[in-house]
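User: I'm a first-year student and I'd like a close look at one part: the ligand and the space around it. Please keep it informal and explain the terms as you go.

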Amino acid sequence: MLTVTVDGVPLHYRDEGKGPPVLLLHAFPLNGSAFDAQVKALSGRYRFIVPDIRGFGQSSLGEGPTEMSRIARDALALLDALNIDSAVVGGVSMGGYAAMALLREDAGRVSGLVLVDTQATADDAEGKARREANAKQALDAGLEPIVEAMLPKLVAAGPDSPPGREVATLIREASPAGVAAAQRGMALRPDSKDMLARYAGPALVVVGEHDAITPLAKAKEMADLITGARLEVIPGAGHLSNQEQPERFNAVLDSFLSSLQGA
Ligand code: MLT
């Protein structure tokens with residue numbers, strides 16, 4: 001198992017494939033296995049660096065809320081440990097928040113940005129209160145209420161479909177403490193619209209056609225802010241487009257990544 005220790009916290013990651021480095025940050029409350037289909041299909045051409053975000057998968061949690069800037073600094077420390085100066089940085093949903101936080105921390109490390117089923121806006125007061133309630137519920141009642149509440153919103157094909165079952169398995173691998181810390185960390189994230197407007201590098205924004213959590217309007221808002229960004233809608237996918245429609249998603253990702261090599 002590959003591990004990097006950042007500020008005393010051991011974090012697990014995968015480093016697979018050959019080619020330009022691509023760092024992928026997973027959604028809440030999943031783990032790096034959410035990118036299995038991308039690594040399997042595309043690691044012949046790209047080097048995928050896929051951490052389990054702290055508190056998820058095989059990574060330890062650490063103290064306090066899992067702020068998006070904390071995830072970003074963990075990811076930068078991982079790139080340092082691997083001697084990677086810059087990488088394409090991509091993230092799905094919470095991973096997208098963290099990718100934007102990484103851009104804020106050190107834009108010079110980002111050779112391309114991939115924002116998937118995510119949004120640039122911060123939570124309003126109601127959203128923050130909901131996250132605190134969800135954090136307490138995870139600590140009090142465990143993961144099953146989360147599986148029940150989130151799964152229908154995450155996967156357009158529904159909980160009993162193959163991607164629905166795959167996502168449920170990943171949610172059940174999470175820990176209540178990791179879930180609570182991430183909910184509290186997401187509530188603290190700043191608005192990233194100003195930062196996207198300043199970003200001058202290549203960008204791909206992807207959204208599932210049926211994404212009910214961060215819908216097309218959120219994706220358009222991000223794509224409109226970034227000069228030259230590509231916006232792609234994945235037909236038949238919900239909020240986790242890379243898992244629900246991996247072939248369509250991989251084609252879009254591959255096309256973007258290969259365009260960077262020609263640039
Ligand atoms: C995710 O998929 O990472 C979450 O739905 C993001 C969020 O709760 O805002």
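Analyst: Start at Tyr97: an N or O atom in its side chain is 2.6 Å from an oxygen atom of the ligand. That fits the idea of a polar contact, a pair of N or O atoms within 3.5 Å (within protein, one must be able to donate a hydrogen and the other to accept it, and residues adjacent in sequence count only if both atoms are side-chain atoms). Ser93 also reaches a ligand oxygen with a side-chain N or O atom, at 2.8 Å, and His239 does so at 2.8 Å. How much of the ligand does the protein bury? Alone, the ligand exposes 270 Å², and the protein buries 93% of that; such areas come from the Shrake-Rupley method with a 1.4 Å probe, and for residues only the protein chains shown count as cover.

Keep in mind that this is a predicted model, where local features need pLDDT of at least 70 and side-chain atom pairs count only at pLDDT 80 or more, while totals for chains, interfaces and linings use all residues. Residues are numbered from 1 along each chain as its sequence is written, and side-chain values use heavy atoms, with hydrogens and water left out.

Now for the neighbours. Along with Ser93, Tyr97 and His239, the ligand is surrounded by Ala27, Phe28, Met94, Arg131, Met150 and Met186; to be near, a residue needs a heavy atom within 4 Å. By class, that shell has 6 nonpolar, 2 polar and 1 charged residues. Here Ala, Val, Leu, Ile, Met, Phe, Trp, Tyr, Cys and Pro count as nonpolar, Asp, Glu, Lys and Arg as charged, and the others, Gly among them, as polar.

Phe28 has a neat detail next door: the peptide bond from Phe28 to Pro29 is cis, with omega near -10°. In general, most peptide bonds are trans. Pro29 lies in the loop between β3 (21-25) and α1 (36-42). Those labels are DSSP runs numbered from the N terminus: helices are H or I with at least four residues, strands are E with at least two.

Where does the ligand sit? In the largest pocket, going by the rule that more than half of its atoms lie within 2 Å of the pocket's grid points. Rolling a probe the size of a water molecule over the atoms shows where empty space is left. On a 1 Å grid over the protein atoms alone, a pocket is an open set of points with protein on both sides within 12 Å along at least five of seven lines, a cavity is a set where a 1.4 Å probe fits but cannot get out, and lining residues have an atom within 4 Å of a point.

This largest pocket holds about 660 Å³ of space, a volume being the space filled by probe spheres set on grid points joined across faces, edges and corners. It has 29 lining residues, and the closest to its centre are Arg130, Arg131, Asn134, Gln183 and Ile213. Two or more lining residues come from each of α3 (94-105), α4 (125-141), α5 (144-154) and α7 (176-187), and α5 gives the largest share, 6 residues. The lining splits into 13 nonpolar, 9 polar and 7 charged residues.

Tyr97 turns up again in the second largest pocket, which has about 170 Å³ of space. Tyr97 is among the closest to its centre, together with Met68, Ala101, Arg189 and Pro190, out of 16 lining residues. There α3 gives the most, with 5 residues, and α2 also supplies at least two.

What about closed spaces? There are 2 cavities of 30 Å³ or more. The largest cavity has about 90 Å³, and of its 13 lining residues the closest to its centre are Leu11, Pro51, Asp52, Asp74 and Ala75. α2 gives the largest share of this lining, 4 residues. The second largest cavity is about 40 Å³, and its lining has 7 nonpolar, 2 polar and no charged residues.
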